[in-house]
Protein chains: 2
Amino acid sequence: MLLYRPFEHHLNIELGKHGLYRAEWTILYYLANNESATLVELAHYQRVEKPTMTRIIRSLEESGFIEHIPGKDRREKPMKLTELGKKVYAEVRVTVDRFEQDILEGISEEQQLEAIEVMNAIRNQLISKESGK
Amino acid sequence: MLLYRPFEHHLNIELGKHGLYRAEWTILYYLANNESATLVELAHYQRVEKPTMTRIIRSLEESGFIEHIPGKDRREKPMKLTELGKKVYAEVRVTVDRFEQDILEGISEEQQLEAIEVMNAIRNQLISKESGK
DNA sequence: TATATTAGTTAGCTTAACTAACCATTAACC
DNA sequence: GGTTAATGGTTAGTTAAGCTAACTAATATA
């Protein structure tokens with residue numbers, strides 16, 4: 001908690017240089033690694049409700065970073081990165097990589113991996129708590 | 001980031017049972033461990049701006065959980081827990097402790113401590129980045 | 001075929017942050 | 001010692017990012 005506030009603050013500053021919000025960046029990230037995804041899939045990934053994702057997607061669409069491709073199921077709205085989206089992602093990636101490298105300075109890779117493992121374990125615990133209700 | 005969302009969500013549910021918000025809980029926590037603190041001190045601790053803290057404090061004051069004690073410097077407004085505040089803190093503490101124990105199940109103490117250490121290191125890096133500008 | 005489920009949207013609300021501009025009080029400087 | 005700086009706090013107004021409730025359109029199921 002004490003970590004998250006300054007972390008988000010700095011990340012937002014980095015992203016702000018590219019005119020992006022944190023919530024948008026996360027979606028670009030997902031689509032850069034998954035080719036295409038529907039709104040529900042993205043909402044589930046981010047653990048937010050559908051209306052929240054509707055808004056994020058609309059904003060990214062208006063910026064021309066993502067577009068929807070037609071699918072079989074006409075209810076669904078699968079989204080993918082546009083060429084512009086891919087370009088911007090790559091650019092921001094550089095900034096974010098440098099930022100991450102910066103804040104992880106002096107922490108051994110081993111320690112990093114272990115910390116990530118712990119966090120994943122907690123996350124899974126939290127999520128299973130949710131569905132187990 | 002992927003951890004924080006579900007974590008905050010669940011913590012908010014736990015706190016909601018006591019009619020508290022996360023931001024308020026953090027201040028109760030600080031005052032339970034520090035006797036008294038001014039608005040600026042609390043804002044610095046939480047890494048938020050003064051107006052944000054003004055609002056949180058007002059809400060806690062209206063709930064009767066904290067009160068301000070007069071100090072020498074008449075600009076300052078040192079706050080401390082009321083008897084009610086202490087009581088509520090102790091109660092919520094129990095819920096939050098159980099919650100934490102729950103999500104840390106199956107993670108060795110050693111791993112927990114190391115993860116905390118890593119997070120503190122990152123936090124310090126972030127904060128020093130701030131002041132070093 | 002009628003009903004239930006799923007995908008997504010709209011409308012309206014809330015929390016928790018921010019900046020800019022301000023007042024009161026104390027500290028610092030010639 | 002009086003003017004100017006800095007510090008502590010508040011008010012007003014804005015924003016991002018989430019939520020629920022209620023809805024439409026399309027597909028699945030009984």
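This is a short dialogue on reading a predicted model of two protein chains with two DNA strands.

Me: Before we start, what are the ground rules for numbering and confidence?

Reply: Residues count from 1 along each chain as its sequence is written, while chains are lettered from A and ligands numbered from 1 in the order in which they are written. The model is predicted, so local features need pLDDT of at least 70 and side-chain atom pairs count only at pLDDT 80 or more, though totals for chains, interfaces and linings use all residues; side-chain values use heavy atoms, with hydrogens and water left out.

Me: How are chain A and chain B related?

Reply: Two copies of a chain are related by a rotation about an axis and a shift along it. Here, a rotation of 180° with 0.0 Å of shift along its axis puts chain B on chain A, RMSD 0.0 Å. That is the relation of a two-fold axis. The superposition is least squares on C-alpha atoms of residues with pLDDT of at least 70 in both copies.

Me: Which residue of chain B comes closest to that axis?

Reply: B:Ala115, with its C-alpha at 2.3 Å. As for the interface, 100% of the interface residues of chain B are also interface residues in chain A, so the copies meet through the same surface.

Me: Which residues come nearest to DNA strand C?

Reply: "Near" takes a heavy atom of the residue within 4 Å of the strand. Of the 25 residues around DNA strand C, the nearest are A:Val40, A:Lys50, A:Lys77, B:Tyr21 and B:Arg74. Sugar and phosphate make up 69% of the strand C atoms that come within 4 Å of the protein.

Me: What polar contacts can I look for on strand C?

Reply: A polar contact is a pair of N or O atoms within 3.5 Å; within protein, one must be able to donate a hydrogen and the other to accept it, and residues adjacent in sequence count only if both atoms are side-chain atoms. A:Arg75 puts a polar side-chain atom 3.0 Å from a base oxygen of strand C. On the phosphate side, B:Glu49 has a backbone N or O atom 2.8 Å from a phosphate oxygen, and a side-chain N or O of B:Arg22 is 3.4 Å from a phosphate oxygen.

Me: And what about DNA strand D?

Reply: Of the 25 residues around DNA strand D, A:Tyr21, A:Glu49, B:Val40, B:Lys50 and B:Lys77 come nearest. Sugar or phosphate holds 68% of the strand D atoms within 4 Å of the protein, with bases making up the rest. Phosphate oxygens of strand D lie 2.4 Å from a backbone N or O atom of B:Lys77, 2.8 Å from a polar backbone atom of A:Arg74 and 2.9 Å from a side-chain N or O of B:Thr54.

Me: How is the sheet of chain B put together?

Reply: Strands are DSSP E runs of at least two residues, helices are H or I runs of at least four, and both are numbered from the N terminus. Two strands pair if DSSP finds at least two bridges between them. In chain B, three strands form an open antiparallel sheet in the order 1-3-2. Its edges are strand 1 (36-37) and strand 2 (66-68), each pairing on one side only. Strand 1 joins strand 3 (residues 79-81) over two bridges, and B:Ser36 stands opposite B:Lys80.

Definitions and conventions. Contact = heavy atoms within 4.5 Å.
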